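Work through the exercises below with the sequence and the model open. Each task is followed by a solution in steps.

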Amino acid sequence: MAEIVAIVSLHSDQIAGGAPIFFVPDETKLEETSFLLEKILDASAHDLKNGTIILVDHR
């Protein structure tokens, strides 16, 4: 079963949950942070197209 291992978002007022959450100031940092975490966590990044990217472990 897939598990959300991290969330990267532009919206600190709209995101909450049990996974680690990284708030970033702009789209450039959103992509940079997400893709760096994707490599570090060996996870897949999924862009929700609303200023939020989730990192999912599909193992």
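**Exercise 1: Strand 4 and its partners**

In strand 4, S44 has V56 as its bridge partner. The model is predicted: local features need pLDDT of at least 70 and side-chain atom pairs count only at pLDDT 80 or more, while totals for chains, interfaces and linings use all residues. Residues are numbered from 1 along each chain as its sequence is written, and side-chain values use heavy atoms, with hydrogens and water left out.

Task: state how strand 3 and strand 4 pair, and how strand 1 and strand 4 run.

Solution.
1. Strands (E, at least two residues) and helices (H or I, at least four) are DSSP runs, numbered from the N terminus. Two strands pair if DSSP finds at least two bridges between them.
2. Strand 3 pairs with strand 4 in the antiparallel sense, over 4 bridges.
3. Strand 1 (residues 3-9) is joined to strand 4 by 6 bridges, and these two run antiparallel. I4 has V56 as its bridge partner in strand 4, and S9 has T52.
4. The hairpin of strand 3 and strand 4 has 4 residues between the strands, and K49 takes a positive phi near 65° there.

**Exercise 2: The sheet**

Task: give the strand order and say which strands stand at the edges.

Solution.
1. The 4 strands form an open sheet in the order 2-1-4-3, with mixed pairing.
2. Strand 2 (21-23) and strand 3 (44-47) stand at the edges; each has a single partner strand, so one side of each is left without a neighbour in the sheet.
3. On average, neighbouring strands of this sheet are turned by 20° against each other, direction ignored. Axes are lines fitted to C-alpha atoms, for helices over the stretch in contact, and angles run from 0 to 180 degrees between N-to-C directions.

**Exercise 3: Burial and D57**

Task: say which residues of strand 4 are buried on each side, and what D57 touches.

Solution.
1. Buried means under 20% relative accessible area (1.4 Å probe, protein chains only).
2. T52, I54 and V56 are buried on one side of strand 4, and I53, L55 and D57 on the other.
3. D57 lies in strand 4 (residues 52-57). Leaving out residues up to four places away in sequence, D57 touches M1, A2, E3, V5 and A43, where contact means heavy atoms within 4.5 Å.
4. A polar atom of the D57 side chain lies 3.1 Å from the backbone nitrogen of R59.

Technical notes: A polar contact is a pair of N or O atoms within 3.5 Å; within protein, one must be able to donate a hydrogen and the other to accept it, and residues adjacent in sequence count only if both atoms are side-chain atoms. Buried means under 20% relative accessible area, exposed over 50%, partly exposed in between (1.4 Å probe, protein chains only).
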